[in-house]
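I opened this notebook to keep a record of what I looked up, entry by entry. I begin with the overall picture and then turn to charged pairs, cysteines, one asparagine and one helix.

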Amino acid sequence: MNDTVNRNAAKTVTDWPVSEVAAGAILTIDLSVIRENYRRLKARLGGVRCAGVVKANGYGLGAAQVAAALAREGCDIFFVALLAEGIALRKAIGTGPDIYVLNGLPPGSEPEAVAAGLCAAINSGAQLQAWRTVAHDAGRRLPAALQVDSGMSRLGMAPAEVEALAGDSSAFDGIDIRYVMSHLACADEPHHPANEQQRLAFERLRAMLPRAPASLANSSGIFLGPSYHYDLARPGAALYGINPTPGEPNPMLPVVRLQAKVAQTRRVEKGTGIGYGHTYHADGPLSLATISFGYADGWLRRSASAAWFEGLRLPFLGRVSMDSIILDISALPPGRLREGDLVELLGPSQSVDDAAGHAGTIGYEILASLGPRFHRHYVGG
């Protein structure tokens with residue numbers, strides 16, 4: 001009994017599924033829309049294969065659920081950022097699909113990756129040597145993608161490393177090179193000269209390596225045209241409804257709806273200070289609602305935004321707190337909004353990209369920041 005208690009005590013509160021009645025906010029994720037977005041990207045790619053990037057727990061929406069939905073559309077290649085993400089995803093989706101670890105394998109962790117049936121993304125000569133050694137010890141060829149740095153200066157083998165490998169016929173012994181890949185830095189700016197510069201650099205670098213299928217396009221890269229598609233595209237953000245073509249109409253459909261519960265309502269008089277620091281004072285009598293939702297849930301403190309109720313905009317007043325936000329509900333009839341009612345933060349009235357614009361950030365950060373305290377409600381599965 002004590003052992004059970006101790007094991008349970010070691011868990012955090014957020015290790016447990018959050019019920020709808022217990023949660024302060026509800027995040028609805030439409031898996032059928034993720035599947036439709038995947039189909040739209042596939043159509044644009046023609047016959048090119050399309051992977052699914054599910055790093056950061058599926059951009060905050062649930063890697064296991066998203067991967068299962070994509071698998072039903074025929075997706076059999078997934079990318080995560082970290083080894084721990086890859087191990088967790090393998091347990092969730094079972095054997096079959098390839099799972100690549102984009103950030104590479106930490107030194108000494110290679111046997112764990114082999115045991116989980118993961119594919120390494122090799123970013124350096126040292127990682128190549130380590131994977132080759134493990135392959136030798138395992139007595140079989142191990143799958144990998146060779147990632148080269150074509151101009152982003154983030155991950156991948158530097159050009160000098162690639163050039164050194166070009167003359168070493170034994171460098172890839174024991175390694176099944178599934179892809180040679182790189183990542184675009186400016187794909188969301190279609191006229192940026194770096195896109196073509198990177199494509200040409202990628203062509204030069206992959207020509208020095210063993211022949212293998214190539215992968216360059218991320219979500220926005222898909223929309224740069226066929227010369228960027230190669231053999232495999234790796235969309236992430238577009239699957240989740242983030243616009244891959246900023247400044248143009250979004251070709252993707254919205255995936256999420258985020259609603260927060262009203263915790264309390266009140267009436268205040270002119271001059272009343274509102275929120276931390278009294279950064280806002282009522283300019284007349286106001287009706288207020290406090291919602292159970294704040295920066296601990298991933299809604300950025302610097303965000304200047306609003307919630308919606310029945311299509312009506314309810315502005316934030318004062319600062320975003322850790323667990324709460326104060327809304328001006330004066331435009332609603334008295335008593336129309338009550339404790340326990342839901343107001344919308346993301347959905348038909350405000351897209352992920354809209355919310356990002358208000359916060360001075362990008363949709364990626366909005367989704368990836370969404371915390372574990374929500375009740376996550378999956379539909380369309």
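**Entry 1: overall picture**

I looked up the secondary structure and found that the protein comes to 12 helices and 19 strands. I note at the outset that this is a predicted model, and I read what follows with that in mind. Taken along the principal axes, the C-alpha atoms fill a box of roughly 80 × 60 × 40 Å. I then asked what share of the 381 residues counts as buried, and the answer was 49%. For contacts between residues at least 6 apart in sequence, I found that 66% join residues at least 24 apart.

**Entry 2: salt bridges**

How many salt bridges does the structure hold? My search returned 16, and I looked at several of them individually, bearing in mind that side chains of opposite charge can pair when their charged atoms come close.

I took the pair of Arg141 and Asp176, whose side chains meet in a salt bridge at 3.9 Å from N to O. I traced Arg141 to the loop between helix H7 (125–138) and strand S7 (142–147), and Asp176 to strand S8 (residues 175–181), so that this pair links distant parts of the chain, 35 residues apart. I also checked accessibility: Arg141 is exposed, with a relative accessible area of 51%, while Asp176 is partly exposed at 23%.

I went on to Arg336, which forms a salt bridge with Glu310, and here the closest N and O atoms are 2.1 Å apart. Because Arg336 lies in the loop between strand S17 (325–328) and strand S18 (342–346), and Glu310 in the loop between strand S15 (306–309) and strand S16 (312–317), the pair ties together parts that are 26 residues apart in sequence. Arg336 has a relative accessible area of 33% and is partly exposed, whereas Glu310 counts as exposed at 56%.

I then examined Asp323 and Arg373, whose side chains meet in a salt bridge at 2.9 Å from N to O. This pair also links distant parts of the chain, 50 residues apart, with Asp323 in the loop between S16 and S17 and Arg373 in the loop between helix H12 (363–369) and strand S19 (375–379). Asp323 counts as partly exposed at 39% relative accessibility, and Arg373 counts as partly exposed at 33%.

I also noted a network of salt bridges that links Arg35, Glu36, Arg39, Arg40 and Glu73.

**Entry 3: cysteines**

How many disulfides does a search of the whole structure find? I recorded 0. Cys50 is in no disulfide, and the nearest cysteine sulfur, that of Cys75, is 6.6 Å away; since a disulfide needs the two sulfur atoms within 2.5 Å, that pair does not qualify. I looked up whether Cys50 is buried or exposed, and at 5% relative accessibility Cys50 counts as buried. Cys186 likewise counts as buried, at 13%.

**Entry 4: Asn57**

I located Asn57 in helix H3 (residues 55–59), where Asn57 counts as partly exposed at 44% relative accessibility. Which residues does Asn57 touch, not counting those up to four places away in sequence? I listed Gly62, Ala63 and Glu85. To Ala63 there is a specific approach, in that the side chain of Asn57 reaches the backbone nitrogen of Ala63 at 2.9 Å. As for Glu85, I noted that Asn57 and Glu85 are 28 residues apart in sequence and 7.4 Å apart in space, C-alpha to C-alpha.

**Entry 5: helix H9**

I turned last to helix H9 (residues 193–206), which has 14 residues and reaches 20 Å from its first C-alpha to its last, close to the 20 Å expected at 1.5 Å a residue. Which residues of H9 are buried? I found Ala194, Asn195, Gln198, Arg199, Phe202 and Leu205. They cover an arc of only 140 degrees around the axis, and therefore they lie on the same side of H9. The face turned away from that buried side carries the exposed residues Pro193 and Gln197. I finally looked up what covers the buried residues of H9, and the cover includes helix H8 (159–165), S8 and strand S9 (214–215). I had already met S8 in the second entry, as the strand that holds Asp176.

Methods: Residues are numbered from 1 along each chain as its sequence is written. This is a predicted model: local features need pLDDT of at least 70, side-chain atom pairs count only at pLDDT 80 or more; totals for chains, interfaces and linings use all residues. Side-chain values use heavy atoms; hydrogens and water are left out. A salt bridge is a side-chain nitrogen of Lys or Arg within 4 Å of a carboxyl oxygen of Asp or Glu. Helices (H or I, at least four residues) and strands (E, at least two) are DSSP runs, numbered from the N terminus. Buried means under 20% relative accessible area, exposed over 50%, partly exposed in between (1.4 Å probe, protein chains only). Contact means heavy atoms within 4.5 Å. A polar contact is a pair of N or O atoms within 3.5 Å; within protein, one must be able to donate a hydrogen and the other to accept it, and residues adjacent in sequence count only if both atoms are side-chain atoms. The expected span of a helix is 1.5 Å times one less than its number of residues. The arc is that of the directions from the helix axis to the C-beta atoms.
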